[in-house]
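Work through the exercises below with the model open beside you, trying each task before reading its solution.

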Amino acid sequence: MTDAPVTDPSAYTPPQVWTWNKESGGRFASINRPIAGATHDKELPVGKHPFQLYSLATPNGQKVTIMLEELLAAGHKGAEYDAWLIKIDGNQFGSGFVDVNPNSKIPALMDRSGPTPIRVFESGSILLHLAEKFGAFLPASGQARAECLSWLFWQMGSAPYLGGGFGHFYAYAPTKIEYAIDRFAMEVKRQLDVLDRRLADNEYLAGHDYTIADIAVWPWYGGLVKGLLYGGGEFLSVQDYKNVQRWTDAIAKRPAVKRGRIVNRISGDPASQLHERHDAGDFDTRTQDKIGEPTKA
């Protein structure tokens, strides 16, 4: 997007009581609704591995597939997983998915490694669940643990300003509203400055070690500074955040990150799309450039 934002000239006076009587407009209007729960019956598939992931390769989805691939790369064989594709086109309102995540958002995880299956939803919660289960990518105690958890929850609280705020009004809203774009662009740039200052004196967010904090933040802010989110890189002058750029490049080189970011991906280069992952060998044999199958509904 290259056109300068313009102000919507129409005035809007909110009613005393809001009612849902029309679509809100924008790219995702057809699936937005003010109520929760399932819209149709649909069971979820279950594979052979201890972890069953139901997701899509959005930044939030990438967090979990990167984490699982990092665990496997670190030798934790118990972290084997099946990754099933959930397209955000109404499939997230199927009864099986709502049973795993009542909030109808990806990613959602079923931990079937024990006698009783455990559902885990919200990407930060999934990262923490896996880190504690395997004793990996989470410092055991002290300042490093506190920093790790602080930056993890910083991301969970900050990303809505990036995705739901800046991304929505800059890229998806049916009308370019100057006030809204300016408001969220300012906040996203402030967040980038927060990260840049932290990374000026630290290799990773928690200090010397790579942790779930980095795994959580990288798909969002790493993608942003490489111009991969919302076409907003030039608009936000992302090249100015040198320390975030350095950190982003270092993490992007990790083999587990390269694998994790393509799982459940359904857009872009066919070689970078692995719609479903059920075996480690799928990265070599089941990407879309090799099988050419249409995306599953």
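The exercises that follow treat a sheet, two helices and two buried side chains.

The model is predicted, so local features need pLDDT of at least 70 and side-chain atom pairs count only at pLDDT 80 or more, while totals for chains, interfaces and linings use all residues. Residues are numbered from 1 along each chain as its sequence is written, and side-chain values use heavy atoms, with hydrogens and water left out.

**Exercise 1. Determine the order of the strands in the sheet and identify its edges.**

Begin with the elements: helices (H or I, at least four residues) and strands (E, at least two) are DSSP runs, numbered from the N terminus. Two strands count as paired if DSSP finds at least two bridges between them. On this basis four strands make an open, mixed sheet in the order S2-S1-S3-S4. Strand S2 (81-85) and strand S4 (118-121) are the edges, because each has a single partner strand and one side without a neighbour in the sheet. Next, examine one pair: S1 (residues 51-55) runs parallel to S2 over five bridges, and tyrosine 54 has tryptophan 84 in S2 as its bridge partner.

**Exercise 2. Describe how helix H3 is placed against the sheet, and where helix H4 bends.**

Take H3 (residues 123-134), which lies across S1, strand S3 (108-111) and S4 and runs at about 130° to S4. Such angles run from 0 to 180 degrees between N-to-C directions, with axes as lines fitted to C-alpha atoms, for helices over the stretch in contact. Turn then to H4 (residues 142-172), whose bend of about 35° falls at serine 158, with proline 160 following within four residues. The bend at a residue is the angle between axes fitted to the seven residues ending there and the seven starting there.

**Exercise 3. Which surroundings do asparagine 101 and glutamine 191 have?**

First locate asparagine 101 in the loop between helix H2 (95-100) and S3. At 0% relative accessibility asparagine 101 is buried, a term that means under 20% relative accessible area (1.4 Å probe, protein chains only). Polar atoms of its side chain lie 2.8 Å from the backbone nitrogen of asparagine 103 and 2.6 Å from the backbone oxygen of lysine 105. Leaving aside neighbours within four places in sequence, asparagine 101 is in contact with Pro107, Ala108 and Phe121, where contact means heavy atoms within 4.5 Å.

Then consider glutamine 191 in helix H5 (residues 178-200), which is likewise buried at 0%. With the same exclusion of neighbours within four places, glutamine 191 is in contact with Trp154, Ser158, Tyr161 and Tyr221.

Key: Buried < 20%, exposed > 50% of the residue type's maximum accessible area, 1.4 Å probe, protein only. Polar contact = N/O pair within 3.5 Å; in protein donor to acceptor, adjacent residues only side chain to side chain.
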